[in-house]
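Trainee: I would like a close look at one helix and its surroundings, followed by how the rest of the chain's packing and surface compare as topics. Could you take me through it in one connected account?

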Amino acid sequence: MAGLADILRSTVPDAYYVGGAVRDALLKKSSGDIDLALPKDRVKPAALALAKALKAAAFEMDAQFGVWRLVTRKENLQIDLTAFQGKNLKEDLLRRDFTFNSLAYPVPAPLTLEVKTAKGQKAQIRFKNLQKKFLIDLKGGVKDLDARQIRLNNPRVFADDPLRMLRVFRHAAELKFAVTPAVLRQMKKDAPLIAQSAGERVQEELKRLFHTPRAYENVLLMDKTGLLTAVFPELEAQRTCAECYYGKGGVLKHTLDCFKREEWLLENLPKAFPKYYKKLAPIAADKALFKMAVLLHDVAKPATANVVGDRLRFFYHEQKGARMARAILERLHYSKADSRLICAMIGEHLRPSNLASNDVITDRGAYKFFRDLGDAALPMLLLCWADYTSYISDAQLKRILPKSGDKLMSIEKAKKTANVGKTLRHMQVLSLLLKKYFDSPKKIKPTRLLDGREVMQALSLAPSPLVGEILEAVALAQVEGEVSDRQSALEFIRRRYGGRQAHK
């Protein structure tokens, strides 16, 4: 878009560029929108005039706070105009969250705006030739940007909007910034306030944080401030549960170790699954979803912990955990589709372990696994990879990773090397399941040779659950090589079910 800065100068000369766009400009990054601040009585007329000049759609977002949004039809460029929060620009800037977000730049000052567009995507704006001498910086924001640190604008930042606590860690992860000790101290005091924030706003911040490759280190900081269990109070009981097994920190330590492994896996799929990573990449694209599933996968262990003989057991924790996770995700306003997938992963995450208890993983067993799990099967295998590898050190993982695609070792051999052997065998089970899924798809999802009508006609059956049972038996016979075409399928059902006919 040519001359955007000039159009803004001539149309809204009393406005200021504020917020993330100014911060991103100083970091030499593109921004997804432009935020302008100006006196309240100027917002509506300025928005309408600017919409006309840019041939953009304009609509009021918030009448109370004086917010209007413009979206250009051609470039999908977003511009928000917001009234000063306070009497003037100074009061507005001092009310903002972090020092580097409390910067302003006058619209008339020298500046070039470069807009890049891609079909179907939001326009990206890059500020060029911004001159620091025109910057309005009341709290040392430029200095903090240079130091790559997050500092609060004032002590009431979190009290005014508790969601800002999550925003601290999201910014830290996205920008690779450090959180100052003063921010962490204030957060320890204010962490319980996060319960006041709307679930959908919490979800959005968590998703943005979890999508980054630096979520784990920031989740650890969240836990140290008390924010993690303020957002997820269900996790607090994990901290002292099963310390005899997991060490200090109990199940929560294990959960965070799993989170670390999942983050590594999602960033290193080619190393973990060199043969299948290209096929797995689209499935693993929603990194935030996988990390949420890992965070909640053992949420019910404290509620199900029970000593049997001399062993601590967690019977049915996966099923109860799925129910608890569903309630948590509803509280955070997750979509039904995301909630369903996450809960399916949690509710069945012991299935590969059950398969691993057999020396041989049969085609029949693999078929039933993928049949039962459906769309959750492959995502759940990635969750299990993180779960299994959390029990060994980084050095041990590095050593055995090249062997994870080898032929499945025996249970007896795995026992000889304790946790490392058990982990490697479980990793080999996962690799074997992927091999069967991708390399032998006809055994995992066999082509249907008969339909219900043909079954009823061949056996003179009336509609009943028996028809579905017969179709499933045919599929299993295909998996095991007993049936290969329609004719052999008909012979199979007549031979096995002929005596169970129910005439129409």
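Mentor: Buried here means under 20% relative accessible area, exposed means over 50%, and partly exposed covers the range in between. With that in hand, and keeping in mind that this is a predicted model, we can begin with helix α29, which runs over residues 486–497. Its 12 residues, at 1.5 Å a residue, should span 16 Å, and because the C-alpha atoms at its ends are 16 Å apart, the expected span and the model agree.

The buried residues of α29 are Ser488, Ala489, Leu490, Phe492, Ile493 and Tyr497. Part of what covers them comes from two other helices, since the cover includes α27 (452–459) and α28 (465–479).

The nonpolar cores put this helix in context. The largest nonpolar core has 137 residues, and among them Tyr17, Leu36, Leu81, Leu113, Phe210, Phe232 and Met292 touch the most other members. Helix α22, residues 377–389, gives the most to this core, with nine residues. Two residues of α29 appear elsewhere: a second, separate core of 19 residues includes Leu490 and Ile493, along with Leu459 and Leu461.

For a view of the packing around one member of the largest core, consider Leu36, where residues up to four places away in sequence are not counted. Leu36 touches Leu8, Val12, Ala15, Tyr16, Tyr17 and Val18, and its contacts also include Leu50, Ile79, Asp80, Leu81, Thr82 and Val107.

Turning from the interior to the surface, a nonpolar patch of about 310 Å² is made by Val308, Phe315 and Tyr316. Phe315 lies in the loop that joins β13 (311–314) to α18 (317–331). With a relative accessible area of 41%, Phe315 falls between the two cut-offs and is therefore partly exposed.

Two lysines in loops deserve a note on their backbone angles. Lys28, although it is not a glycine, has a positive phi of about 60°, and Lys28 is found in the loop between α2 (20–26) and β2 (34–38). Its relative accessible area of 65% is over 50%, so Lys28 counts as exposed. Lys176 likewise has a positive phi, near 60°, in a residue other than glycine, and its place is in the loop between α7 (164–175) and β11 (178–179). Lys176 is exposed as well, because its relative accessible area is 56%.

Key: Residues are numbered from 1 along each chain as its sequence is written. This is a predicted model: local features need pLDDT of at least 70, side-chain atom pairs count only at pLDDT 80 or more; totals for chains, interfaces and linings use all residues. Side-chain values use heavy atoms; hydrogens and water are left out. Patches are made of residues with over 30% relative accessible area and no salt bridge: like charges are joined within 9 Å, nonpolar side chains (Val, Leu, Ile, Met, Phe, Trp, Tyr) within 5 Å. Accessible areas come from the Shrake-Rupley method with a 1.4 Å probe; for residues, only the protein chains shown count as cover. A salt bridge is a side-chain nitrogen of Lys or Arg within 4 Å of a carboxyl oxygen of Asp or Glu. Helices (H or I, at least four residues) and strands (E, at least two) are DSSP runs, numbered from the N terminus. Buried means under 20% relative accessible area, exposed over 50%, partly exposed in between (1.4 Å probe, protein chains only). The expected span of a helix is 1.5 Å times one less than its number of residues. Contact means heavy atoms within 4.5 Å. A nonpolar core is a set of buried Ala, Val, Leu, Ile, Met, Phe, Trp, Tyr and Cys residues joined through side-chain atoms within 4.5 Å.
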